[in-house]
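Welcome! Open the structure in your viewer, keep the selection tool at hand, and let us walk through it stop by stop.

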Amino acid sequence: MAVEIKLNYATINQIGQAAQDAAMETMEALHTEVVTAQVMPMKDGTLQNTLTSVQPLEQGKTGARLYADGPYARFLYHGRLMVGDETDSPFAAAGETKHTVDVMLNYNCAKNANARAFWWEPWTPGGEHEKFLPETFAKMLKERMP
C-alpha cells in the first residue's frame, strides 16, 4: 500500500501572502487602537502620527511589526529620565552619552489624555486588550483565505 501526497504550491503561496497581508493590516488596526486610546505621549504628534509605522518582518519571514522610530521613542516608552554620563544632567552636552536613572517621567496629558510609558502593553499578553491582536489577525486572515 502506498500513499501519495501532491502539494498545490500556488495555493500554499496564496496562503502565505494572505498571512502577510493579514499581519500588516492587523498592525495598522493596532496603530488605530493606540491612537484612539490616546496612550502615546504627544507634544506635536510627530511620534504617534509620522514616526510610528507598520513594517514587514525581514526577508523570508511572515509577519509585521508596529515600530515607533525617532531618537526619543525608546526614552519615552520606558518612561525613565536620562542624564548625561559626564554632566549628570538631562541637558547633556552635545555628543555626550546618556543613561537612565530611577526617576520616572511625568507625561503631559493635554493632547493625549492617557499618555503613559509602556503604551503597547495593554495589547500584549496579560494586558487589558490581549485578545485584540490574535482575534484581529484571525479575522483578517479568514477574509483572505483562498
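Start by selecting Leu 66, Tyr 67, Ala 68, Asp 69, Gly 70, Ala 73, Arg 74, Tyr 77, His 78, Trp 119 and Trp 120, which line the second largest pocket. Two elements, β2 (64–68) and α3, give two or more residues each to this lining. The largest share, 4 residues, comes from α3. A pocket here is an open set of points on a 1 Å grid over the protein atoms alone, where a 1.4 Å probe fits, with protein on both sides within 12 Å along at least five of seven lines; lining residues have an atom within 4 Å of a point. Helices (H or I, at least four residues) and strands (E, at least two) are DSSP runs, numbered from the N terminus.

This is a predicted model, in which local features need pLDDT of at least 70 and side-chain atom pairs count only at pLDDT 80 or more, while totals for chains, interfaces and linings use all residues. Residues are numbered from 1 along each chain as its sequence is written, and side-chain values use heavy atoms, with hydrogens and water left out.

How large is the volume of the second largest pocket? It is about 230 Å³, where a volume is the space filled by probe spheres set on the points, and grid points are joined across faces, edges and corners.

Next, select Pro 41, Met 42, Lys 43, Tyr 72 and Leu 76, the residues nearest the centre of the largest pocket among the 13 that line it. About 300 Å³ of space lies there. Both α2 (46–49) and α3 (73–78) supply at least two residues of this lining.

Now move to helix α4 (residues 132–144). Its 13 residues should span 18 Å at 1.5 Å a residue, and the end C-alpha atoms are indeed 18 Å apart; the expected span is 1.5 Å times one less than the number of residues. Colour Phe 132, Thr 136 and Met 140, the buried residues of α4. They cover an arc of only 45° around the axis, which puts them on the same side of α4; the arc is that of the directions from the helix axis to the C-beta atoms. Turn to the face away from the buried side to find the exposed residues Pro 134, Glu 135 and Lys 142. Buried means under 20% relative accessible area, exposed over 50%, and partly exposed in between (1.4 Å probe, protein chains only).

For the last stop, select Asp 88, in the loop between β3 (80–84) and β4 (98–104). Its phi is near 55°, a positive value in a residue other than glycine.
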